[in-house]
Structure formats: structure tokens, C-alpha cells
Amino acid sequence: MREVAVAGSDGAGSGGAADVRSALQRMRRRGGLPVAFGGLFSGVRQFRISELTGTTTNSLRGLAITPGNGLGGKVLTMSRPISVADYPTSRAISHEYDAAVGAEGLRSMLAVPVVVRGQVRGVLYGALRQPVVLGDRALSSAVEAARELERALEHELAQELAARDEAQRLLAEARKRRLRGEPPWAPPTEETDPAVWEEVREAHGDLRALAHRVPDPQLRAEILTACGRLARAASGRGRERKHPNGVELSPREVDVLACVASGATNSAAAERLGLRPETVKSYLRSSMRKLGAHTRLHAVVEARRAGLLP
């Protein structure tokens, strides 16, 4: 299969996949469609069917859809809903995907585009195993589910862009300070009010959590590097990166400790970092072992002493 190309499409993360599954379930429930499937662009140049519900085989999973080919490809090209009463015999579409569709036993089918900010982000399909003309109920439910999915994706995109803008603003401020020969952030002195220290530590934790919501890997790496410099500058360890015993923590282990330092529970840390509570516990145990700490508080103290936390 060739890859589809739609400029400006963003990748579909785990949140996007969950949104697609919810949309497909709504299509089945509201429209009386026993089978629903679809997906979002997983990269700038690739659209594959990734979510299935009501299917009996995996023949459609991972199927790459090319613009203009098949029902979904025609929807990608025309950017409007299309339905066929009998997929295998329809003259309104091409038949590159008949083998996969036939293996699932699908006959009547509809497809609707998912469009965000003028760009097609994916396609939702609904299908029956009988060759019948789909009524208004099925088509309306599919269009409604697509519109709800579009709103969810628009919200996620707005959050990503806001996070990116905030990260770029903070990095620009840090670069200006560095050009003036100052640390990225001015660390509090011994005479500073303790509340200011807590503000610095909270900002550090917020910035680390923010970094993992930024889709640009280079910008994300810059943010984490700046966080490390802030922590080392605040602890007075300059450019030193490692714990005195030679142990170095992973970025996610530092993220978890930053949350713990702010008083967050494992569940609160998991929600803030987009992880499962069990995963947070695993990172916490690993960091405690590396730091030679016996309690959560001891781990935070050792991390600050090592210049890993401010």
C-alpha cells in the first residue's frame, strides 16, 4: 500500500485513539451500525485504519488508505460523507481494498471525514453485512460522531499549541538571560523567603510536566535541558549532572520526584504526567533505589542534593 499525504496533519497520540474509539461506539449505538472502524493520521504522511469495533477479523486493522482509492480514499479526496449500498459491486468507488473488506463480510458501507482546521485528520466508517441502502439515521449518527470527534481533536490541538507557545516563551527568556551571562532563571538566595523557593520548585515541576505535552521532540528536549540547568543552578552544583555516587536518573524518574516534592500523591502525579499510578510507583521505586533512599522524602532530599531538583 502507498502512503497517504495530507499536509499539516498532526500525529494521533493515545488520547486521539481513545477519542476515535468513543466516536465509533457512538456511531454503532446511535445509528444501528453493527460494524464501525476508522483512524487518524499517525504522521504527516500516513493514514491507516487503527480502531475497530464490531468486527470479527483483523483484516482491516492497519490498512493504509490512499487518497482516491476505495470508499475512504474517495472521502479523503472529496472531504464529504459518502455511502454505498453494496461495496463489492459499487461502480462509484475503486476496489483496491476488496480483499480486506470481503474478509470481514461487509457490504453496505458509509464513510465520513474528520476535519480539523481545514485539514482532513482521518475517516470514520460504518458498515452492515447486508447490501441495503443506508438510511438517514445511520448517516446522521456518523456525521454527528465525526463532528464530536473534531471538537475533541480541536481542543487537544489548542492545548498543544498553547503548551508549545508557553514553552517557547520560557526558553526565549532563558536564552536572553544566558546571553547576559546570567543563569536561565535567577536562583533564590539563602536570604530569600522560603515561599519563593517553593514557587521556583513548583514552576520547575510545571515546566517538566509541560515538556511531555509538547509534540516537537527538539523543543521538548530543550525544555528538559533548561529544567536540568535550573535545578543545578538552584542547588549550586553548576553544570554537574550526576549524583555523587555516579547514578543518573531518567527524565521520567525526575518528573515523578518533582511531583512528589510538591506533595502530590501517586494518583495525582499520574494524572499530571499522563501516566498510570502503577507506572508512577515503578519510577519512584527505581529512583529511590538509584539514590539509596529509603522513603519518598529521602529520595527528594537526595535528588536536591544531587542537583536534579531545585
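**Notes on the predicted model**

1. Let's start with one residue: Arg-229 sits in helix 6, which runs over residues 217-235. Keep in mind as you look that this is a predicted model.

2. Is Arg-229 buried or exposed? Its relative accessible area is 19%, and buried means under 20%, so Arg-229 counts as buried.

3. Now find Leu-308 in the model. Along the sequence, 79 residues separate Arg-229 and Leu-308. In space, their C-alpha atoms are 8.9 Å apart.

4. Zooming out, how many helices and strands does the protein have? You should be able to pick out 10 helices and six strands. Helix 6, where we began, spans residues 217-235.

5. On to contacts across the whole chain. Take the ones with a separation of 6 or more: 63% of them are between residues 24 or more positions apart.

6. Next, inside and outside. The protein has 310 residues, and 45% of them are buried; Arg-229 is one of the buried residues. The accessible surface adds up to about 15,200 Å², with carbon and sulfur atoms contributing 51% of that.

7. How confident was the predictor? The average pLDDT is 81, and 81% of the residues score at least 70. Residues 1-14 have a pLDDT below 50, though the model gives this stretch 37 contacts beyond near neighbours in sequence. Residues 237-244 also have a pLDDT below 50, with 20 contacts of that kind in the model.

8. A word of caution to finish: where pLDDT is low, don't read the predicted coordinates in detail.

Notes
Residues numbered from 1 in each chain as written. Predicted model: local features only at pLDDT ≥ 70, side-chain atom pairs only at ≥ 80, totals over all residues. Heavy atoms only, no water. Helix = DSSP H or I, 4+ residues; strand = E, 2+ residues; numbered from the N terminus. Buried < 20%, exposed > 50% of the residue type's maximum accessible area, 1.4 Å probe, protein only. Contact = heavy atoms within 4.5 Å. Areas by Shrake-Rupley, 256 points an atom, 1.4 Å probe, with all protein chains shown as cover. pLDDT = per-residue confidence, 0-100.
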